[in-house]
Amino acid sequence: MRPLLTRAVRPALPHLLIIALLLVLLYPVAWMLGSSFKSTDEIVASLSFWPRHFTPGNFAQGWAGTAGTSFAVYFMNSTLIAVGAVIGNMFSCSITAYAMARLEFRGRALVTGIAIGTLLLPKEILLIPQYLIFHQLGWVDTDLPLVLPKFLAVDAFFLFLNLQFMRGLPRELDEAAALDGCGPFRTFWHILLPLMKPAMATTAIFTFIWTWNDYFSQLIYLNSPARYTLPVGLRMFLDATSGSDLGPMFAMATVTLAPLLVLFVLFQRHLVQGIATTGFKG
Amino acid sequence: MASATAESVAVRPDRSTAAPGLGRRPGKRQGGPAFILLSPWIIGTVGVLAIPLLYSLYLSFTSYDLLSAPHWVGFANYRRLFTSDPRYLHSIQVTAEYVVTSAPLKLLAALAVALLLARPRRGQGVYRALFYLPSLLGTSVAIAIVWQGTFDTDGPFNGFLRLFGIRGEAWVSDPNYVRWVIVALAMWQFGAPMVIFLAGLKQIPRELYEAAEVDGAGPWRRFRSITLPMLSPVILFNLVVEMIGAFQAFTPAQLVGDGQGGPVDSTLFYTLYLYQRAFQFQQMGYAAAMAWVMIAGLGVITGLLFWSAKYWVHYGD
């Protein structure tokens, strides 16, 4: 009797262990989702993540925001900045990678070396001088400091990603294109860029997520409530209510994370593979 | 970052292997188009990286409050950091304690779960993605707020402890515990290094394990003598990435703590103190000096890790 039992149970054990771990791990997210439908009293009183009395009014109350600025404004600002950053990185990293990986010119090794060297530059060292320069230009409290650099291929992670991917594409493509009379620009646009789709997708998804979650630089550069993004707006909401409106606050936390959860569901395989092949941090 | 240094070495052979006459006519340079395509990068590297870098070095030797022009003070900022700013020294201690606890614990969790997931079984892809999810959300303000709520006195963590008759503490407002709440938040995001460990585990040839099993090696022995050495380059990579990331932590310190480094400066992380000096006290020169000390520290630690590699990292044959 015993061997039969063990044969039935043993393969299930790792699954049970994994599922138990996942329940603990994802509990805070579930709790946030549940709490966004609870009254503030119930959040404090109950351990269960499932709301006893559904309070969808949290969303309306939270969405109204604080001091006359609604979350619609924050959501719009976050979206504009994130989409701008995505377009910037896709454009600048692909053309830069193409030039560094495929074109013949003097100083190519040096230029590529510098580009890769900038991978090692921590952003803290640039924070203050960049702020002062943007301050001089009168760009503080605009989106420019957050979006414009993305069009200048200074996000070394993504440049590196595109460079590596471009190097993996067969050289024969360029040679065939050259024989057919294609110049460098047409070769890039018609031959290589279509093949860059996986690298472009990884660049786009991760640029979006990182910009969406970014708090530090948005906190520094955006000063007026009409300019705030979701992370900054959520922080201000927390300060303004000093934790007394937990229900609406969790509702807005949920709204902030909703686009990421949607991206996760749509692209989970791509996200995980992007991490595995490039060695990104999350 | 590990791959970055490997990469700069790999640049050279790439050029030498470009055999002449293979489609690219010798002598025909593409300098013009290259210059056009590289112009955004050149503007960016000069304007957003190189000039700010030099400017920041200059500022670190000045006193600058944004109102009047910076004036030269020599090494005064650096001297003051180490001789008459106890909060600064304290912030180094807080950060160092955080780095040496959070990075190894996170990697331990990552490795343990990676080993659990390594064997192909049904649902592996979904499991892997779900374990990765916290890494995707974890750096956000929303999660930092949720985290604070989870460990609040009336939060679900204490509610859970109550089920076992344990009375929980005020984890977030107690200076002895709040740093562990932040370490837990870092550990929670073990998914990203876990995915990298999984990719590394896949690279280990199965025959090694089969041969070891034939020789009578048990699971622990196989782990110690095959898995660990074969995985050591990936461990080094993850360790460098996680330690550097931990040094730069800002959002959790600002949002799980009280935002000013409290309670009683127990969450005064390096970046948080730098932020205060620069953007709350407008001491740009002083903060620039802080940034340069930080970079030097990061450089030394990364250097030490790579130096230590020759004693414990196994680079195949």
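**A core and a pocket shared between chains**

In this predicted model, a good place to begin is B:F131, which, once its neighbours within four places in sequence are set aside, is in contact with A:I18, A:L21, A:L22 and A:L25 of chain A, as well as with B:V113, B:L117, B:F190, B:G191 and B:M194 of chain B.

B:F131 also belongs to the largest nonpolar core, which holds 186 residues, and together with B:Y132, B:M194 and B:F197 it touches the most other members of that core. Because domain 1 (2-62) and domain 2 (66-242) of chain A both give residues to this core, the core lies between them. In soluble globular proteins, nonpolar side chains tend to be buried together. As for the two domains of chain A, their centres, taken over C-alpha atoms, are separated by 36 Å.

From the core we can turn to empty space, and in particular to the second largest pocket, whose volume is about 910 Å³. Its lining is made up of 23 residues, and those closest to the centre of the pocket are B:L115, B:A118, B:R119, B:R206 and B:Y209. Which elements give two or more residues to this lining? They are α2 (12-35) of chain A and, from chain B, α4 (86-118), α5 (124-137), α9 (191-203), α10 (206-214) and α11 (219-247). The largest share, five residues, is the one that α11(B) provides.

The character of the lining is mixed, since its residues divide into 13 that are nonpolar, eight that are charged and two that are polar.

How values were computed:
Residues numbered from 1 in each chain as written. Chains lettered and ligands numbered in written order. Predicted model: local features only at pLDDT ≥ 70, side-chain atom pairs only at ≥ 80, totals over all residues. Heavy atoms only, no water. Core = buried A, V, L, I, M, F, W, Y, C linked by side-chain atoms within 4.5 Å. Buried < 20%, exposed > 50% of the residue type's maximum accessible area, 1.4 Å probe, protein only. Domains from an automatic or database assignment. Contact = heavy atoms within 4.5 Å. 1 Å grid on protein atoms, 1.4 Å probe; cavity = no way out; pocket = protein on both sides within 12 Å on 5 of 7 lines; lining within 4 Å. Points joined across faces, edges and corners; volume = space filled by probe spheres on them. Helix = DSSP H or I, 4+ residues; strand = E, 2+ residues; numbered from the N terminus.
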